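This report describes the fold of one protein chain and the surroundings of its ligand. The reader is invited to follow the description with the structure in view.

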Amino acid sequence: MISVVIREYCVRDFRDVLEIDAEAFNSRNPAYDVYIYLAYSSNFLVADIGGKAVGYIVTMDMGVDSKIMSFAVKKEFRGKGIGSMLLKEVIKRCKNKGKHRILLEVRVSNVVAQKLYKKNGFKTIEILPKYYNDGEDAYLMELRLVDNF
Ligand SMILES: CC(C)(COP(=O)(O)OP(=O)(O)OC[C@H]1O[C@@H](n2cnc3c(N)ncnc32)[C@H](O)[C@@H]1OP(=O)(O)O)[C@@H](O)C(=O)NCCC(=O)NCCS
């Protein structure tokens, strides 16, 4: 069984995260993406296997809420529960910080990610038409962390 540690991002993870981001999102400029994550993140966690980052999740604070900016696992490590571990840890940290909600956008075609979010309590609250550069719509999803706000 592989041993996965969820920990905070550190500078030596830069190249691994760059690779995961490029592979997952076909990004034209993954280095820019990672700089944005570093500049604006409130949580930047990686899944570490033997010193190598194989997945990451990034949130930013938006007042009383938090938003998932980016979340991906290296292709060869998907379907092993690593995404689920990252998501659960970020939910725990946002809860501990007293955040009211976690928000995220997901492509309507991204059924795998939607299933994972729903399994962890997220609900679709809005459709954002043509949200992505290629014209695809997004679902805006939320997880309520406190009952009344
Ligand atoms: C979404 C993502 C981070 C999930 O990571 P992961 O490590 O595969 O997640 P898990 O192993 O915890 O699996 C989550 C669920 O998806 C299922 N799943 C994972 N890979 C799958 C695949 N290729 N096909 C079908 N189902 C798959 C798992 O079976 C699991 O469902 P289950 O709990 O009912 O068994 C990963 O698929 C990914 O990096 N996708 C590309 C980037 C992306 O879409 N990010 C989210 C943007 S909003």
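A residue is counted as near a molecule if its C-beta atom, placed from the backbone, lies within 6 Å of that molecule. The model discussed here is predicted. In this model, 18 residues surround the ligand, and the closest are A72, R78, G79, G83 and S84.

**The shell around the ligand**

By type, the shell consists of ten nonpolar, five polar and three charged residues. At least two shell residues come from each of β4 (65-73), α3 (82-96), β5 (101-107) and α4 (111-119). The greatest contribution is that of α4, which gives four residues.

**The sheet**

Strands of a sheet pair through backbone hydrogen bonds, either parallel or antiparallel. Here, seven strands form an open sheet with mixed pairing, in the order β1-β2-β3-β4-β5-β7-β6. The edges are occupied by β1 (5-8) and β6 (123-128); each has a single partner strand, so one side of each is left without a neighbour in the sheet. On average, neighbouring strands of this sheet are turned by 25 degrees against each other, direction ignored.

The table lists three antiparallel strand pairs.

| Strand pair | Sense | Number of bridges |
|---|---|---|
| β2 and β3 | antiparallel | seven bridges |
| β5 and β7 | antiparallel | seven bridges |
| β6 and β7 | antiparallel | five bridges |

Individual residues can be located within these pairs. L45 has I57 in β3 as its bridge partner, E105 has L140 in β7, and L128 stands opposite A138 in β7.

The side chains of β7 alternate along the strand. Y139, M141 and L143 point to one face and are buried, whereas A138, L140, E142 and R144 point to the other face and are not buried.

**Helices against the sheet**

Two of the helices that contribute to the ligand shell, α3 and α4, also meet strands of the sheet. The helix α3 packs on the sheet and touches β1, β2, β3, β4, β5 and β7. Its direction makes about 30 degrees with that of β3. By contrast, α4 lies across β5 and β7 and runs at about 160 degrees to β5.

**The nonpolar core**

Which residues touch the most other members of the largest nonpolar core? Among its 32 residues, they are L45, Y56 and I57. At least two residues of this core are supplied by each of α1 (14-25), α2 (30-40), β2 (43-49), β3 (52-62), β4, α3, β5 and β7 (138-144). Neighbours within four places in sequence aside, Y56 is in contact with Y9, V17, I20, L45, V46 and A72. Of these contacts, A72 is also one of the closest residues to the ligand.

Definitions and conventions:
Residues are numbered from 1 along each chain as its sequence is written. This is a predicted model: local features need pLDDT of at least 70, side-chain atom pairs count only at pLDDT 80 or more; totals for chains, interfaces and linings use all residues. Ala, Val, Leu, Ile, Met, Phe, Trp, Tyr, Cys and Pro count as nonpolar, Asp, Glu, Lys and Arg as charged, and the others, Gly among them, as polar. A nonpolar core is a set of buried Ala, Val, Leu, Ile, Met, Phe, Trp, Tyr and Cys residues joined through C-beta atoms within 7 Å. A residue is buried if 20 or more other C-beta atoms lie within 10 Å of its own, exposed if 12 or fewer, and partly exposed in between; C-beta atoms are placed from the backbone. Two residues are in contact if their C-beta atoms, placed from the backbone, lie within 7 Å. Two strands pair if DSSP finds at least two bridges between them. Axes are lines fitted to C-alpha atoms, for helices over the stretch in contact, and angles run from 0 to 180 degrees between N-to-C directions.
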